[in-house]
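Here is a walk through one predicted model, written for someone who would rather be at the bench. Have the sequence and the structure open as you read.

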Amino acid sequence: MCGIVGYTGNKRASGILLGGLKQLEYRGYDSAGIAVMDQNKITVVKASGRLENLCRRTNDGDSVPGGAGIGHTRWATHGAPTEENAHPHLSNDGRFAIVHNGIIENYLSLREELIAEGYHFESETDTEVIVHLIDMYYDGDMRSALAKAASRLEGSYALGVICTEEPDKIYAAKEASPLIVGAGIGENFFASDVTALVSHTRNVIYLEDGEFAELSPDSIRITDCFGKVIDKKVSRISWDVQAAEKGGYEHFMLKEIMEQPAAVSAAISPRIKDGRIVFDELSITAEELKHIHKIVITACGSAYYAGCAGKYAIEQLCRIPVTMELASELRYSDPLIDDHTLLIVISQSGETADTIAALKECKARGARTLAVVNVVGSAIANLADDCVYTWAGPEIAVATTKGYTTQVSVLYMLGVYFGELLGKVGDQYDYLVDELLLLPRRVQETIDMNPGIEALAEKYHNSKALFFIGRNTDYATALEGALKMKEISYLHAEAYAAGELKHGTIALIEEHQPVIALCCNPLIMEKTLSNIVEVKARGAEVLALTFRSNDKIVSSADDLLFIPKTTALFSAVTEVVPLQLLAYYVAKANGCDIDKPKNLAKSVTVE
């Protein structure tokens, strides 16, 4: 959840560290710090709050000389968001400094052991035990000390370490938390995300669990826990730093909403060749699919709601039971999963801790596993039997937009692809492929059809609560729409299956209560219309999302949002876009920090 960056080279490290941390702000944080080595001395500067506080304290890095260092943005888990608890942490003698992303589950027992050995602690964090362990094990071999310390840790970690005995080197270690090495000329880097590196190098090495990196300005050495050198592939990042910049938009979120036609096209178009869906990256065969008795989709947050939307298409097209499971619940539920189960795991970052744990649990029970992720080389991508990348590009705003729509698009494609392999799609195939190819254009049409959303936001932004209702595929989209609203506007927003209103929820409807009704599935349109009538009879103001030609809904609603006519099976990709924009403009009207909402982080790498 935190951001980590490391640098060694012939430039001033502090400026590069601060620049890298700025690129990682989107991950969420409440304090920041850097540690820089200069002439065998480590200088640590930390600040609570926003990164600009640290920049002011260091005069944008000019007051902290040195060519090797580490930096960190912290999201508090153990201990309050104070300067004392901010990273980096120093050893008692000042020889070592460390930054850490993740969580150390056995830190209390390690802390007691280290106190008994004479070490004293300056913070409440779990991280500080690591720097003291390194100090305890150090005998002149930094790599060995780091490996011994890591062997004592239970939990997840991405570690960055510097040592005064080796002033031009930086060290890193990874276990269940993202960490990437950047290869430069006369300089080398590591970071928790490639966005911190692309302005300096596009050549990267993805570390895997249990691997250690030793970087100097002119060399990169990757080893395992026994010190054996590992020959790692260098990957090339295809996008440049401009892709992660705002490009004239006020917020990254708005930019990423507007990028969705291109992002959905990038996910779909290269995989349709001569009218056929082609997944070159999949190894699962038709024969293997025929032995699948059920499909389980698991994820967290918006990725879970993407799965909810995709479930309808996959189940209908493949005629295989599909269940949705929250990853944080699946791993503890003693799941009924075996070698006749296909597990689909969804994660934008590919590093979501609960999803990784669920994936490992289900693999151990024999499930065939397929990952849908955005980040190449991420933990989930490496763990799954098959991986389909969404190709959404960098997503900086904490609240996902194009990450969600590309995930749903890929799930739709998988539904058609698997259904055709199983012989279930029949003569619908060409029509469904054509509908998939039209999705990018329809997303753009949706944006163009709703120029008045900002004005609508002025009407709704002072609401105490907003209710989102829908049925079937509309309900799946309502879940994500409500989440977007609460994430960035801090308004209470809940999604309900419209048919459940009379089973309790309607008690909450009162005069002028806003209800956002999703009415884009023709099969249940009359039923949803009756729910609109129900809430309006009790004083609700209804904002309906539907087609322009849907006269009954248009005449019944107080306000309207529109999408172009599309098959209900694939409607979530277009339906969600006006709801994203509504959430954005409501949050803007409320003066919220849209790209970095309070208490949230982009990549949730701890449970």
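Helices (H or I, at least four residues) and strands (E, at least two) are DSSP runs, numbered from the N terminus. Residues, for their part, count from 1 along each chain as its sequence is written. Since this is a predicted model, local features need pLDDT of at least 70 and side-chain atom pairs count only at pLDDT 80 or more, while totals for chains, interfaces and linings use all residues; side-chain values use heavy atoms, with hydrogens and water left out.

**Some backbone oddities**

Let's begin with the loops. Most residues other than glycine have a negative phi, and most peptide bonds are trans. Three spots go the other way. Y490 sits in the loop between α16 (473–489) and β23, and has a positive phi of about 65° without being a glycine. N59, in the loop between α2 (51–57) and β4, also has a positive phi, about 55°, and is not a glycine either. The third is the peptide bond between H87 and P88, which is cis, with omega about 0°; P88 belongs to the loop between β4 (68–74) and β5.

How accessible are these two positive-phi residues? Buried means under 20% relative accessible area, exposed over 50%, and partly exposed in between (1.4 Å probe, protein chains only). With 31% for Y490, that residue is partly exposed, and N59 at 47% also counts as partly exposed.

**A sheet with an enclosed strand**

Now for the sheets. Two strands pair if DSSP finds at least two bridges between them. One open sheet has five strands in the order β18-β17-β19-β20-β21, with parallel pairing. Its edges are β18 (322–326) and β21 (386–389), each pairing on one side only. Neighbouring strands are turned by 20° against each other on average, direction ignored; axes here are lines fitted to C-alpha atoms, for helices over the stretch in contact, and angles run from 0 to 180 degrees between N-to-C directions.

Is β19 (residues 341–347) enclosed or open? Seven of its seven residues are buried, so the strand is largely enclosed by the rest of the structure. In a regular strand the side chains alternate between the two faces of the sheet. In β19 both faces are covered: T341, L343, V345 and S347 are buried on one side, and L342, I344 and I346 on the other.

The strand pairings with bridge counts look like this:

| Strand pair | Sense | Bridges |
|---|---|---|
| β17 (residues 294–299) and β19 | parallel | five bridges |
| β19 and β20 (residues 368–373) | parallel | six bridges |
| β22 (residues 465–470) and β24 (residues 514–518) | parallel | three bridges |

To find your way residue by residue, T298 has V345 in β19 as its bridge partner. On the β20 side, L343 is matched with T369 and I344 with L370.

β19, helix α11 (residues 353–364) and β20 make a right-handed β-α-β unit. Right-handed here means that, with the strands pointing away from the viewer, the path from the first strand over the helix to the second runs clockwise.

Helix α13 (residues 402–421) lies across β19, β20 and β21, at about 140° to β20. F418 is in this helix, and at 1% relative accessibility it counts as buried. Which residues does F418 touch? Leaving out residues up to four places away in sequence, they are L282, I284, L289, C318, L342 and L370, where contact means heavy atoms within 4.5 Å.

**The other sheet**

A further open sheet has five strands in the order β23-β22-β24-β25-β26, again with parallel pairing. β23 (492–497) and β26 (559–562) are at the edges with a single partner strand each, so one side of each has no neighbour in the sheet. The twist averages 20° from one strand to the next. Inside this sheet, I469 stands opposite A517 in β24.

**Helices worth a look**

The axes of α7 (residues 260–268) and α14 (residues 429–449) come within 8 Å and cross at roughly 175°. The two helices are therefore roughly antiparallel (angles over 145 degrees count as that, under 35 as roughly parallel, 65 to 115 as roughly perpendicular and the rest as oblique). Q260, P261, V264, S265 and I268 of α7 meet L436, L437, L439, P440, V443, Q444 and I447 of α14. By class, this contact has nine nonpolar, three polar and no charged residues; Ala, Val, Leu, Ile, Met, Phe, Trp, Tyr, Cys and Pro count as nonpolar, Asp, Glu, Lys and Arg as charged, and the others, Gly among them, as polar.

Finally, α4 (residues 128–137) is mostly covered, with eight of its ten residues buried.
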